[in-house]
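Let's walk through this structure together, beginning with how far the model can be trusted and then moving on to a few places worth a closer look.

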Amino acid sequence: MAAPGGAPAIHRSVANIRSPPGPSSSSHHHHQPHHPSTPSRSVVVPSPNFGSPSSLRADEDVIVVDFGTRKLQVGFAGDAAPRGCVWFGPDQQRRVGDFRDWHPDYKYDWRQAAGMWGWGRDHELWQGGDVRGTDLGLIGDKIERALREGFTKYMLIDSRPRRMVCVFPSGLPIPMLSAALDSLFSRFQPPTISLLSSPVALSVGAGVRSALVVDLGWAETVITSVYEYREVKTTRSVRGVRYLVDQTHKLLAKHLPDGSAAKSTDGAEEEEYKLSFEECNDIATRMVWCKPSKAPAATQKAEGLETLVEQDESENSAPSAIQRPGRVEIPLRSCRPPTTLNLPWEELSEPCENAFFDSQYSRSGFDDHELPLDLLVYRSLLQLPLDVRALCMSRIIFTGGGTNVLGLRRRIFDDVSEIVRERGWEAVQGKAFDQMRANPKIKRKGARQATGGPTGVASPSAENQEADGVWHDAANTLPEVDPIEEQLKKGQDKRPRVQGQLRAIESIGAWSGASLITHLKASTVSTIDRDVWLQHGAAGASKAADVDQKSQRQSLGPGGLLRAANVGTSWTLGVWGTG
Amino acid sequence: MAPLPFSPYTFIQCPCSDSTLLARPADAKSPTGADAEEDERTFDPRAPRSNYSLYPLEYLLYCEDCHQIRCPRCVSEEIATYYCPSCLFEVPSSNLKSEGNRCTRSCFQCPICIGPLSVTTQETRHPDANLLSADNAATPHSGGFSLTCSYCHWSSTEIGVDFDKPNGIHAQLAKIRNGGESRLTAKERKERRKELSHRGDSAAAAAAREEIEEQVPDLENQFANLKSFYNSQLADPTAADNGLSTLGDLGFSSPSSLSRIMNLYTGGKISDNKAKSRLGAIREALTPEEGLLVANLDEAALISQLHQSEHCDTASMAQITSQPPNLGEPALHGASRFTSSLRPIPHLLRTKRSKRCPVCRHIISKPEPKVQTTRFRIRLVAGSYIPSISIKPLTLPGPSGSSSSNPSDLLISLKPVHYLLTFKNPIFETIKVTLATPAATPGRFPSKVTVLCPQFDIDANTDVWDEALKDNDRSDKSSRNSGGTTRQRRGTEAGYQLEVGKIWERGRNWVSIVVEVVPASLRLEDGGMLREDEDILEIPMFVRIEWEAENAGDDGGIVPGAGGKDKDQKEKRELAYWCVLGLGKIKQN
């Protein structure tokens, strides 16, 4: 890897021997001369409005920006980690030159802010998928200011136009995407912006082509199944970290000295906040933890045994002498008067329990938008085609702020294993079905049966997977010769891929994944030219399907990640545009 | 909570914030470009977006060639110097790419309180004695060195980190995990591995390799693994001379490689068909070496650690967010949760930047490149081109004169007050000022505003000495009792009567006018809450300045020069912008 590192120096020196712009690259490639000659430039550099000769050199570093609901990460492509992370917050929304934050007498009045924005909303860039009543211009302004801070404080770059790669959550509505792009294009003048969806970037960052990305995000939990770098299915639940913070507030408010009486009379639906969002958020990140799964997790696993041990420890809270008496003191400053709560440590797992699982309720009682996470994971796996499921279930990637809750990932994983063990991969459930399953006479020959233990998946594909290592549906007869498939096989290793068992893997994160993709010079599905965007905006985008489908297919293989280099004038917003 | 003392202020909206909406033709159907009538509306200083476009006058620059205000959003910047704000050492720009954005010397901030950390010897009893002498100590140190915070007395020994040498702390720290465990950086791992492959001894090599692989996979190593894996996948041995396949080989040997290099500059469209087809053929990573990392979901140890720790043992959000991205973090999740896992924060580097006008590319601000100096070579601040506005409450002596209008006093709802706005002309030409305000301030609580004299001229900013020689008794011009020529017409004869359409007071290069405001009543019908700053009486004001500039050449260069060659002809110029005047706080009842 020494050589790529040294590359930029060479690039710089070549920049001067540029020949005048030639024809478009597609024709260029066909007429590529075989004798040594100076090739013409294939693509004209889109010159920004405020271009200068010096701007050319800056092209070598590409900026990767990862947009989250509460923070924004910036850095150079090729780096392992972002250079900086900017959080959205009320102090960022002040006027320049407003230094009241530094005044010793000043205290941010969260009650006023909650009245204006909603509790904690001033810490968000956008409100999930809800465009109603959103000031899109404000989103653009927030992005601009945050990005400017990232550029000057963390990346230390000047304002020469640089190419950008933006990682957006794939569920982002077009108006918001458009507002973000407007702001980026008009304020930072990047020649192009490439869009990457975070699940794909995450799976690249984990080294896999297919994955089940469980994003325990701020506004909601989104589960995306990625198959061959293509997003296949998305399910979501409102049980995100924001909900966790809400629940944390509820717990703390319950324990407030004056809170208990008022709470009981007012009822839970009263949106009266007693503590500041900042404080609850802080406590949620610091102290809240997640109980291990109650169900006796698969006993054949070593990890499963450990879970049991831990469970005993925490519930009996006796075994070790060092163990503290199970109460914890939490100082609170945002309530009037400031106080210190002393509450059982056990209770600090309640917010997590309520926010993500709500296991006291029947599993059938939930609406589609508020499914508990274990069920959500199970459902989204269940709804996948068999082959995709087999691959995805052994490539579960947990990401998002919720992963910081201790024990949460384990809990979800164990609970899902438990559901799988109970039900298998049957969409149908209920008493009658159980009876039918129990009765060997009724049972059809081909019916799938749940196998014991979480490792088991009853997929017919399992039978032939050892044979060739390349998975294909058992029901199929000989697949017709598909050039893409062929190509895939050629590139594939003969070693069998892990599939059909639940397994969680680590990803280096969406930002780092995007950095990796950009570093490998893989172009993305959606790359937008500045000039084109400024002319047409989002309306100019073609549907992803319309854009040069043929060359796209060829180039991708089955991957949605990579696309034909030059699609001429038509461009797309990728996954965002199709919706 | 004591209310903050209020002092009147002025914010100016840079005209650039209007043009963002016009960046695209209005007819293009875009979800964001819907506000075509935006221009017609009165500027609302309380709209959340306004906070992003308002600046104090001191933050604004001015382009002499475009005759336009330039705010921090609409200048293009170039970096003059990179330096560490702690040790004030300049950092060459080449280091930035390789070493990152933080000081690589020994400048650290405390992870607990962000105070500066200093290197101290560990066994010493007098920590302050060796702050400076740590590195030239004659006696050999046996115990090593640590970083300590002189403010909160945090020491790096608390996280189990101590150093062998007092200098190069940054490099040493990169190799130590919290708790003292050593860590190989990605570069070292690679070298180690290469070394092994060169050596013949296979058994020892295998053992050593195992040892390397047993290292906890941190972010940096994981990224390096993945990168080398993907690179190896891309490098198809059958197509050695093709474009991207040989990322490492960047020679100029063939036209294709040359074109590839050039393509790197041309907007990301680099992959030809062959390269792409190879990209499609990446298989997935299968082993830890290739970057596949099976998650360890077992966090029982951390949970029990959490159980045994106090609230203050856990790191707060602020502490976590101020941590640098830690490449050596063993876990990819649940980073620094306890204060024991925080690490010293190397100082972020800073830059000195010169600023150009984005349109004409003229430099409008250029700092002295030396780090220690704070001077600027060029700095065209807007304050020397556009009039400054100062605000003070006007007290009229007379029957109601006893009520002292101290700036800190609160305004009473529905009780009219007068404010004196003083416009000061910084340029050498007479300017004509036209003001416009909405009759009622926008927002939930409309206060009534009347500018008594919305149009006036301000005399040129002539030489101070001319004026001083003309009349000697203007020494005390701020005092209203000095009388005489400073207050023309208004003062004595009219008996402090306010007259519509008349200037209150006029000086050499300044004019005062009176604004009458009737503060709104801050009463909400629905019993809701006041938002932050809603009790501050802010009036939006549209300022338009016209002046006739002499054309370029004959003045000292301070007067805006014009592009034309005709010297006799005077050129008419104008500048218009919104500004916001914060007058006072309304008393809440």
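Within chain A, confidence varies from element to element: strand 1 (residues 63-67) of chain A has the highest mean pLDDT, 93, while helix 20 (residues 549-556) of chain A has the lowest, 37. Keep in mind that this is a predicted model. Over the whole of chain A the mean pLDDT is 73, and 66% of the residues reach 70 or more. Two stretches deserve some caution. Residues 1-58 of chain A stay under 50 in pLDDT, and for them the model has 90 contacts beyond four places in sequence. The pLDDT is also below 50 over residues 260-270 of chain A, a stretch with 3 contacts in the model beyond near neighbours in sequence.

Let's stay in chain A and visit Leu573(A), which is found in the segment after helix 20 of chain A. Is Leu573(A) buried or exposed? Its relative accessible area is 2%, and because the cut-off for buried is under 20%, Leu573(A) counts as buried. Leaving aside residues up to four places away in sequence, Leu573(A) touches several leucines, namely Leu177(A), Leu181(A) and Leu195(A), and its other contacts include Trp533(A), Ala538(A) and Ala541(A). Ile528(A) is another residue that Leu573(A) touches; the two are 45 residues apart in sequence, with 8.0 Å between their C-alpha atoms.

Next comes helix 9 (residues 277-286) of chain A. With 8 of its 10 residues buried, this helix is largely enclosed by the rest of the structure. The buried residues of helix 9 of chain A are a mixed group that includes Phe277(A), Ile283(A) and Ala284(A), but also Glu279(A), Asp282(A) and Arg286(A). What covers them? The cover includes helix 7 (241-255) and strand 9 (327-332) of chain A, together with helix 9 (300-307) and helix 10 (317-321) of chain B.

Now for some backbone geometry. Glu228(A) has a phi near 50°, a positive value in a residue other than glycine. This glutamate lies in the loop between strand 7 (221-227) and strand 8 (230-237) of chain A. Glu228(A) counts as buried because its relative accessibility is 5%. Its side chain makes a polar contact with the side chain of Arg209(A), at 2.6 Å. Asp358(A) also has a phi near 50°, again positive in a residue other than glycine. You will find Asp358(A) in the loop between helix 11 (350-357) and helix 12 (373-382) of chain A. With a relative accessible area of 9%, Asp358(A) is buried.

Chain B has already appeared as part of the cover of helix 9 of chain A, so let's turn to chain B itself. Its secondary structure comes to 12 helices and 22 strands. Of its 589 residues, 46% count as buried. Among the contacts in chain B with a separation of 6 or more, 69% come from residues 24 or more positions apart. Chain B exposes about 28800 Å², and carbon and sulfur atoms supply 51% of that area.

Finally, here is a surface feature with members from both chains. Phe99(A), Trp102(A) and Tyr59(B) form a nonpolar patch on the surface, and together they have about 410 Å² of accessible area. Tyr59(B) lies in the loop between strand 2 (54-55) and strand 3 (61-63) of chain B. At 32% relative accessibility, Tyr59(B) counts as partly exposed.

Technical notes
Residues are numbered from 1 along each chain as its sequence is written. Chains are lettered from A and ligands numbered from 1 in the order in which they are written. This is a predicted model: local features need pLDDT of at least 70, side-chain atom pairs count only at pLDDT 80 or more; totals for chains, interfaces and linings use all residues. Side-chain values use heavy atoms; hydrogens and water are left out. Helices (H or I, at least four residues) and strands (E, at least two) are DSSP runs, numbered from the N terminus. Buried means under 20% relative accessible area, exposed over 50%, partly exposed in between (1.4 Å probe, protein chains only). Contact means heavy atoms within 4.5 Å. Accessible areas come from the Shrake-Rupley method with a 1.4 Å probe; for residues, only the protein chains shown count as cover. A polar contact is a pair of N or O atoms within 3.5 Å; within protein, one must be able to donate a hydrogen and the other to accept it, and residues adjacent in sequence count only if both atoms are side-chain atoms. pLDDT is the predictor's confidence in each residue, from 0 to 100. Patches are made of residues with over 30% relative accessible area and no salt bridge: like charges are joined within 9 Å, nonpolar side chains (Val, Leu, Ile, Met, Phe, Trp, Tyr) within 5 Å. A salt bridge is a side-chain nitrogen of Lys or Arg within 4 Å of a carboxyl oxygen of Asp or Glu.
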